[in-house]
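Let's take a short walk through this structure together. Have your viewer open and your selection tool ready.

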Amino acid sequence: MVQRNTWQRERVREALSDARGFVSAQSLHATLRDENTGIGLATVYRALAGLAAQGDADSLQSPEGEALYRACTSTGHHHHLICRSCGLTVEIEATDVEQWAKRTAERHGFRDAEHIVDIFGLCASCAKTRDEERDAD
Ligand SMILES: [Zn+2]
Ligand SMILES: [Zn+2]
Ligand SMILES: [Zn+2]
């Protein structure tokens, strides 16, 4: 049976909206598999790439080099603060970064410069949990 690609993409979009923070294609695929949607991993990759290209999803590289995606709540250029433990994501403006990137590109004669800057760390509640675990040792 041939399924319409748009149906699958909508299902991937929904799963992405339900996810907390950034998720990999693999983990999204696992969620969809649990729901017996029958959507294959390759389709999830394609759908995510399509959503990112349309600006409906954010994509970024984890420190481990894995592509992560998120249904973004703000449009236009912005940055992220991401908890590497629980995936909590905060969308941030970074005026200093914008100016620095523009100046640096210009100084080197670059035009149409783009940049991706995301900050990974431990959110306040994960940091607290980590401290409590350490104290318990
Ligand atoms: Zn975003
Ligand atoms: Zn956290
Ligand atoms: Zn920026």
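Two strands count as paired here if DSSP finds at least two bridges between them. Keep that in mind as you go, and remember that you are looking at a predicted model.

Start by colouring the chain by confidence. Its mean pLDDT is 88, and 96% of the residues reach 70 or more. Among the elements, helix H4 (residues 95-107) has the highest mean pLDDT, 95, while strand E2 (residues 57-61) has the lowest, 85.

Now select E2 together with strand E3 (residues 67-71). These two pair in the antiparallel sense, over 5 bridges. Click on alanine 57 and look across to E3: its bridge partner there is alanine 71.

Next, follow the backbone from E2 to E3. The two strands make a hairpin with 5 residues between them. Stop at glycine 65 in the turn, where phi is positive, at about 90°.

Add strand E1 (23-24) to the selection. Where does E1 fit in the sheet order? The open sheet has 3 strands, in the order E1-E3-E2, with antiparallel pairing. E1 and E2 stand at the edges with a single partner strand each, so one side of each has no neighbour in the sheet.

Zoom in on E1 and E3, which share 2 bridges in the antiparallel sense. Here serine 24 stands opposite leucine 68 of E3. In general, the strands of a sheet pair through backbone hydrogen bonds.

For the last stop, show helix H3 (residues 41-54). H3 lies across E2 and E3, and runs at about 110° to E2.

Note on methods. Residues are numbered from 1 along each chain as its sequence is written. Chains are lettered from A and ligands numbered from 1 in the order in which they are written. This is a predicted model: local features need pLDDT of at least 70, side-chain atom pairs count only at pLDDT 80 or more; totals for chains, interfaces and linings use all residues. pLDDT is the predictor's confidence in each residue, from 0 to 100. Helices (H or I, at least four residues) and strands (E, at least two) are DSSP runs, numbered from the N terminus. Two residues are in contact if their C-beta atoms, placed from the backbone, lie within 7 Å. Axes are lines fitted to C-alpha atoms, for helices over the stretch in contact, and angles run from 0 to 180 degrees between N-to-C directions.
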